[in-house]
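Trainee: I should like to work through this structure by question and answer. May we begin with the charged pairs?

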Amino acid sequence: MRQDYMARLERWARWMLPRQEADDVLGDYRDIAADPELGRELGKPREVIQPLVQKKQYRAWLAVFVVMAVCILAPGLSSTAIGYPLWLLLFDGWVERPYGAYLTGLGAATALVWFRWQGHKHGRLPRAIPILLAVFLVCIGAVLLFCWTCSRDFDAFLELWGRMKLWIGPNQDAPRSFHLSRLAMAYGSPILAFLGVYGLVKARMGDRRWAAVYVLAATAMLTALLVLDWSGRIYWPADSAPEELFRQMLLRCSGIAAVGLVGTGVALL
């Protein structure tokens with residue numbers, strides 16, 4: 001019972017208090033909880049922490065957290081059916097107005113600055129971080145491979161594009177591999193977004209290097225969404241071959257991936 005109470009108290013303390021204050025409070029309450037007489041008088045974990053919160057600091061953290069969460073969730077959810085209005089705003093015609101890319105970049109930059117300033121690093125790198133980063137690298141590699149594949153065979157791509165009817169959704173006329181690749185990018189993006197938010201929570205409550213999970217998840221999500229938008233366009237410039245356009249997309253996404261990897265490295269330092 002005491003262990004469960006201390007676990008809940010620790011979660012509230014890590015979330016609501018700066019790191020050093022949370023450590024001090026938890027140290028005091030471990031001694032109190034160990035005393036049978038005093039332990040019975042402890043209140044609910046949130047009620048214990050609430051009077052200790054410095055409101056300005058906590059509100060600043062909540063505001064930054066909301067900004068970072070929106071910066072990854074809004075683009076991530078835009079590729080789903082319920083997020084289609086966001087898609088029209090953030091990604092439809094992204095070359096002319098790349099709001100989705102700006103928003104994702106803002107979130108990644110904010111995470112790097114905030115956690116380098118306010119976060120704390122503790123001992124060895126948590127085991128889950130490299131595992132998640134490896135998964136995100138595979139996702140980025142798969143998106144780049146998709147671009148490279150579509151840019152290789154010009155005649156086959158033109159034949160494929162002539163049969164495409166919908167930007168996304170069931171289409172029996174389209175080759176299954178192309179269709180499934182786009183579905184994976186569309187419905188994998190929300191998963192990446194939620195994993196990024198999970199990284200934010202862990203960076204606040206534990207090791208700041210969890211911010212690397214947010215940065216690379218945002219990178220993988222953005223590359224997938226940009227390629228999804230590009231590969232679903234109905235109208236292409238008359239003077240540009242689809243093969244060349246996919247080569248340009250491959251270069252752009254490679255640049256985004258490179259920047260994301262640099263940001264991930266900074267977050268891990």
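Mentor: We may, bearing in mind that the model is predicted. Let us start from Glu10, which at 29% relative accessibility counts as partly exposed.

Trainee: With which residue does Arg14 form a salt bridge within helix α1?

Mentor: Side chains of opposite charge can pair when their charged atoms come close. In helix α1 (residues 2–16), two such residues lie four residues apart, about one turn of the helix. The closest N and O atoms of the pair are 3.5 Å apart, which is within the 4 Å limit for a salt bridge. The partner of Arg14 is Glu10.

Trainee: Is Arg14 buried or exposed?

Mentor: A residue counts as buried under 20% relative accessible area. The relative accessible area of Arg14 is 9%, so Arg14 is buried.

Trainee: Which residues are joined into one network by salt bridges that share partners?

Mentor: Elsewhere, the side chains of Arg209 and Asp207 meet in a salt bridge at 2.7 Å, N to O. As for the network, Arg14 pairs with Glu10, and the side chains of Asp23 and Arg14 also meet in a salt bridge, at 2.4 Å. Shared partners join into one network Glu10, Arg14, Arg19 and Asp23.

Trainee: How many disulfides does a search of the whole structure find?

Mentor: Two cysteine sulfur atoms must be within 2.5 Å to count as a disulfide. For Cys147, the nearest cysteine sulfur is that of Cys253, 4.9 Å away, and Cys147 is in no disulfide. Across the whole structure, the number of disulfides found is zero.

Trainee: How far apart are the end C-alpha atoms of helix α8?

Mentor: Helix α8 covers residues 128–152, and its 25 residues should span 36 Å at 1.5 Å a residue. The separation of its end C-alpha atoms agrees with that expectation, at 37 Å.

Trainee: At which residue does α5 bend?

Mentor: Helix α5 (residues 55–78) reaches 33 Å from its first C-alpha to its last, close to the 34 Å expected for its 24 residues. The helix nevertheless has a bend of about 25°, located at Val70.

Trainee: What is the area of the nonpolar surface patch that includes Tyr102?

Mentor: Tyr102 lies in helix α7 and counts as exposed because its relative accessibility is 57%. The patch is made by Leu86, Leu89, Tyr99 and Tyr102. The elements giving two or more residues to this patch are α6 (84–90) and α7 (99–118). Its area is about 410 Å².

How values were computed:
Residues are numbered from 1 along each chain as its sequence is written. This is a predicted model: local features need pLDDT of at least 70, side-chain atom pairs count only at pLDDT 80 or more; totals for chains, interfaces and linings use all residues. Side-chain values use heavy atoms; hydrogens and water are left out. Patches are made of residues with over 30% relative accessible area and no salt bridge: like charges are joined within 9 Å, nonpolar side chains (Val, Leu, Ile, Met, Phe, Trp, Tyr) within 5 Å. Accessible areas come from the Shrake-Rupley method with a 1.4 Å probe; for residues, only the protein chains shown count as cover. Buried means under 20% relative accessible area, exposed over 50%, partly exposed in between (1.4 Å probe, protein chains only). The expected span of a helix is 1.5 Å times one less than its number of residues. The bend at a residue is the angle between axes fitted to the seven residues ending there and the seven starting there.
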